[in-house]
Amino acid sequence: MSSKRYDKSERVDLTGERIHWDLGSSLSYGEYLHLDKLLDAQKPLSFEHDEMMFIIVHQTSELWMRLMLHELGGALECVRRDDLDPSFKMLARISRVQTQLIATWEVLSTMTPFEYSAFRNALGRSSGFQSFQYRMLEFLLGNKHVEMVAVHKRDPEAHAALERALKSPSLYDEVLRLLSRRGYGIPEEYLTRDFSEPYRTSKQVAGAWLGVYHNAEKDWDLYELAERLVDLDHKFQLWRFHHLKTVERIIGYKPGTGGSSGVSYLAKALELKFFPELWQIRTSM
């Protein structure tokens, strides 16, 4: 067997690089990121090869949702204090994260029905339906359903947090309050409503948004906010569609492990919009 001599030009030249080979008492990369915990969190329940991928895809999605919640909380505060410029960067970052979340379905879709069925029974009743972070995102964006909280009763902290979010103004509620403060005609009952109830569309709210678009030069920040919200909503619809098609590809029309009807349940959410008037007015522009 012949050996090959590697020329210096075929390696990375470290000449002049001041690499810290000895970290001393400094924090390391792995310690900063707590990689010992992160990389020890993949615990397959079977000996099936594809279960590792299944776990990592869902854990990665939860990490991205963690960042979305962080950015969404910041954007909410910006809206409350009428300081919209910083929120645009936060909402743009959420949109980029959504692109990553959509891409995770591409990885999951490499698994065949046969491969999933080999370990599916090990999941028991666990399901993405029980994702606290996903439910929190929906509540903060305005998709409120009180019955959705019940599945989190075994986790008192998560249950209490969702109860608070259920009763608090969503991002859209806070945006409508901002429009009202800026002089756009939002009905009073939309500013002081029971925020735990699902949002109902309003012709007056649609009219207010039309006013924002017609006054884009004067109220550019509100106009920009409207477009960022549409982008966020659009990406959520794409995420739901890719979720549905991936589930259909892997389990067909079998019920979900969490008890839902599976694809049929996911199809119900495809027409859901967090900011409905922003879509309605496009026909009138």
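**Group meeting: a pocket, a helix and a histidine**

Okay, so let's start with the second largest pocket, which is lined by R66, L69, F132, Q133, M136, L140, A161, A165, S168 and P169. Keep in mind that this is a predicted model.

How much space is in there? About 190 Å³. As for character, the lining residues split into 7 nonpolar, 2 polar and 1 charged. If you want to find the walls on screen, go to α3 (50–80), α6 (132–141) and α7 (156–167), since each of those gives at least two lining residues. The largest share comes from α6, with 4 residues.

Right, next stop: helix α10, residues 203–214. Quick sanity check on its geometry: with 12 residues at 1.5 Å each, you'd expect a span of 16 Å, and the end C-alpha atoms sit 16 Å apart, so the two agree. At the N-terminal end there's a cap from S202, where a side-chain oxygen is 3.1 Å from the backbone nitrogen of Q204.

Now, which residues of α10 are buried? That would be V205, A206, A208, W209, L210, G211, V212 and Y213. Among the elements covering those buried residues are α8 (171–181), α9 (188–191), α11 (220–251) and α13 (276–280).

And α11 brings me to my last residue, because H243 is located in that helix. So, buried or exposed? H243 comes out at 19% relative accessibility, and the buried cut-off is under 20%, so H243 counts as buried. Leaving aside residues up to four places away in sequence, H243 touches W105 and L266.

That's it from me, happy to pull any of this up on screen.

Definitions and conventions: Residues are numbered from 1 along each chain as its sequence is written. This is a predicted model: local features need pLDDT of at least 70, side-chain atom pairs count only at pLDDT 80 or more; totals for chains, interfaces and linings use all residues. Side-chain values use heavy atoms; hydrogens and water are left out. On a 1 Å grid over the protein atoms alone, a cavity is a set of points where a 1.4 Å probe fits but cannot get out, and a pocket is an open set with protein on both sides within 12 Å along at least five of seven lines; lining residues have an atom within 4 Å of a point. Grid points are joined across faces, edges and corners, and a volume is the space filled by probe spheres set on the points. Ala, Val, Leu, Ile, Met, Phe, Trp, Tyr, Cys and Pro count as nonpolar, Asp, Glu, Lys and Arg as charged, and the others, Gly among them, as polar. The expected span of a helix is 1.5 Å times one less than its number of residues. Buried means under 20% relative accessible area, exposed over 50%, partly exposed in between (1.4 Å probe, protein chains only). Contact means heavy atoms within 4.5 Å. A polar contact is a pair of N or O atoms within 3.5 Å; within protein, one must be able to donate a hydrogen and the other to accept it, and residues adjacent in sequence count only if both atoms are side-chain atoms.
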